[in-house]
Amino acid sequence: MPEGDISIMAESVQNHTTGPSTQAVHAGRSRQQPKDALTTPIYQTATYTFADTADVVSYMQAKSMGMSNGRSEYSRYGNPTVKAVEARLAALEGAEDALLYSSGMAAITSVLLSILSTGSHIVLTDDCYRRTRDFSLTFLKRLGIESSLVPMGDYAALEAAIRPETRLIVTESPTNPYLRVIDLERLVSIAKTHRVKTLVDTTFATPVNVRPIEYGVDLVVHSGTKYLGGHNDLLAGSVAGSADLISALRQNQGMIGDVLDPHTAWLLERGLKTLGLRVTYQNQSAYEIACYLSDHSAVRRVWYPGLDTHPDHAIAARQLKGFGGVVSFEIEGTLEDAGRFIDALQYPSISPSLGGVESLVNQPAVMTYYDLSSEERARISISDTLIRFAVGIEDTHDLLSDLAQALAVV
Ligand SMILES: *Cc1c(COP(=O)(O)O)cnc(C)c1O
């Protein structure tokens, strides 16, 4: 293997039986790195040089035939550090290729802008990431692209919303904040019947818990800011899919320019190495917390796909390897009581994010949906005392005793 070519994925880590933790550590790197470094070098460079004019000409010739072999002339078109992490993510998703973006929203908006054109239409399931919904209903609408919002879990409505000009079904699993789980088999079967592409945001699941490509989903997006990075210290986004789709997206990224910088890509790779350990632990910890909360008299309701009280428990049990690290619940009392409960917690910080080593907690009514009136929130089922608990990697018993003392306050 030539020195410096880190875009080559070791064959042995590409096969189906390799576990996610092995892939998270090894996929996308060659055994021997430049200067024998164990870890992926950070190619902190804006541009690349050519030995002489003949080198330029042969590079351009190869590039025009789509055979640039990982080489690039400028970092907006490709960077070896970024490429190594893309190869690792592709392996983790079981996809042919993956592309990194500067944030999860950059990934989502770029994919939508690339696939859709004026006059086309998308179907979107509700209870999705708020900015994805806002982007579709305002920005895309301005470009003459219509969106139909259908209730998550209503497959008849999903199918009925498809029109001749529908290009894409956009959905999430598990969703935020109610952790609804899409039946990927039904989704793909409906989409294939109508020759529509599918895009699933599985930020909350990670490839450790579900790999939608195996079900025939076309594109899988992630906010790498969450579990993939895992340390609440970076913003990144990714899209995985077929070589053809990703290649078209890569071309467009060269124009749009929403690339991930090499240093952040390196941090993402560093975080990814422990993805399997973190997510497995967070799955278990969140499950124990969900069970504890559902037995507590001060808790009105718990949404966690691992509980048989969750509307999608059957799908989740069939489809997910773990139920994820986020638990949503409503406590008894008022908006202010929920605030008092949150303020009494010692370990989780108050923050809108999730997926990192630190537990985070927030009250959507005063965070994500602060701008809506109580009635408007009620219409989209965001109750005043709803709490989203993003479980970190702290010891479960510490989080449980923290929850117990804070619940005693209200
Ligand atoms: C955070 C998040 C996004 C947006 O990602 P950023 O990295 O913050 O841009 C998209 N989808 C889901 C499900 C998210 O949780």
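Start by selecting Pro 177, which sits in the loop between β4 and α7. You're looking at a predicted model, and this loop is a fun place to begin. Turn to the link from Asn 176 to Pro 177: that peptide bond is cis, with omega near 0°.

Now select Pro 174, found in the loop between β4 and α7 (184-193). Ser 173 and Pro 174 are joined by a cis peptide bond too, and omega there is about -15°. Why flag these bonds at all? Most peptide bonds are trans.

Stay in the loop between β4 and α7 and pick Leu 179. Leu 179 isn't a glycine, yet its phi is positive, at about 55°. Is Leu 179 buried or exposed? With a relative accessible area of 2%, Leu 179 is buried.

**The seven-stranded sheet**

Next, follow the chain back into β4 and show the sheet around it. Seven strands make up this open sheet, and across it you'll meet them in the order β1-β7-β6-β5-β4-β2-β3. The pairing is mixed. As a reminder, strands in a sheet pair through backbone hydrogen bonds, and they can do so in a parallel or an antiparallel way.

Which strands are at the edges? They are β1 (97-101) and β3 (146-150), and each of them pairs on one side only. Tilt the view and look along the sheet: from one strand to the next, the twist averages 20°.

Zoom in on β4 (residues 166-172) and β5 (residues 197-201). These two run parallel and are joined by five bridges. For a landmark, select Thr 171, which stands opposite Val 200 in β5.

Now hop over to β2 and β3, which pair in the parallel sense over five bridges. Here the landmark is Thr 125, with Val 150 of β3 standing opposite.

**Over the helix**

How does the chain connect β2 to β3? Add α5 to your selection: β2, α5 and β3 make a right-handed β-α-β unit. Helix α5 (residues 130-142) lies across β2 (121-125), β3 and β4, and it runs at about 155° to β2.

Before you leave, click on Asp 127, in the loop between β2 and α5. Asp 127 has a positive phi of about 55°, although it is not a glycine. What makes that worth a click? Most residues other than glycine have a negative phi. Asp 127 counts as buried, because its relative accessibility is 14% and the cut-off for buried is under 20%.

**Stepping back to the domains**

Colour the model by domain now. The domain assignment gives domain 1 (20-43 + 79-272), domain 2 (46-74) and domain 3 (275-407). How far apart are the centres of domain 1 and domain 2? Taken over C-alpha atoms, they are separated by 29 Å.

Select Ser 30 next, in the loop between α1 (20-26) and α2 (53-64). Ser 30 is buried, with a relative accessible area of 1%. Show its side chain: a polar atom there lies 3.2 Å from the backbone oxygen of Gln 32.

**Helix α10 and its cover**

Move on to helix α10 (residues 262-272). Its buried residues are Pro 262, Thr 264, Ala 265, Leu 268, Glu 269, Gly 271 and Leu 272. While you turn the helix, keep in mind that an α-helix has 3.6 residues a turn, so residues three or four places apart point the same way.

What covers the buried residues of α10? The cover includes α1, α3 (80-93), β1 and α11 (275-294). At the start of α10, find Asp 261: one of its side-chain oxygens reaches to within 3.1 Å of the backbone nitrogen of His 263.

**The five-stranded sheet**

For the last stop, follow α11 onward. Helix α11 lies across β8, β9 and β12, running at about 15° to β9. These strands belong to an open sheet of five, in the order β8-β9-β12-β11-β10, with mixed pairing. At the edges stand β8 (299-303) and β10 (349-350); each has a single partner strand, so one side of each is left without a neighbour in the sheet.

Finish on β9 (residues 326-331) and β12 (residues 386-390), which run antiparallel and are joined by five bridges. Select Val 326 to see one of the pairs: its bridge partner in β12 is Ala 390.

Terms used
Residues are numbered from 1 along each chain as its sequence is written. This is a predicted model: local features need pLDDT of at least 70, side-chain atom pairs count only at pLDDT 80 or more; totals for chains, interfaces and linings use all residues. Side-chain values use heavy atoms; hydrogens and water are left out. Two strands pair if DSSP finds at least two bridges between them. Helices (H or I, at least four residues) and strands (E, at least two) are DSSP runs, numbered from the N terminus. Axes are lines fitted to C-alpha atoms, for helices over the stretch in contact, and angles run from 0 to 180 degrees between N-to-C directions. Contact means heavy atoms within 4.5 Å. Domain bounds come from an automatic or database domain assignment. Buried means under 20% relative accessible area, exposed over 50%, partly exposed in between (1.4 Å probe, protein chains only). A polar contact is a pair of N or O atoms within 3.5 Å; within protein, one must be able to donate a hydrogen and the other to accept it, and residues adjacent in sequence count only if both atoms are side-chain atoms. A crossover is right-handed if, with the strands pointing away from the viewer, the path from the first strand over the helix to the second runs clockwise.
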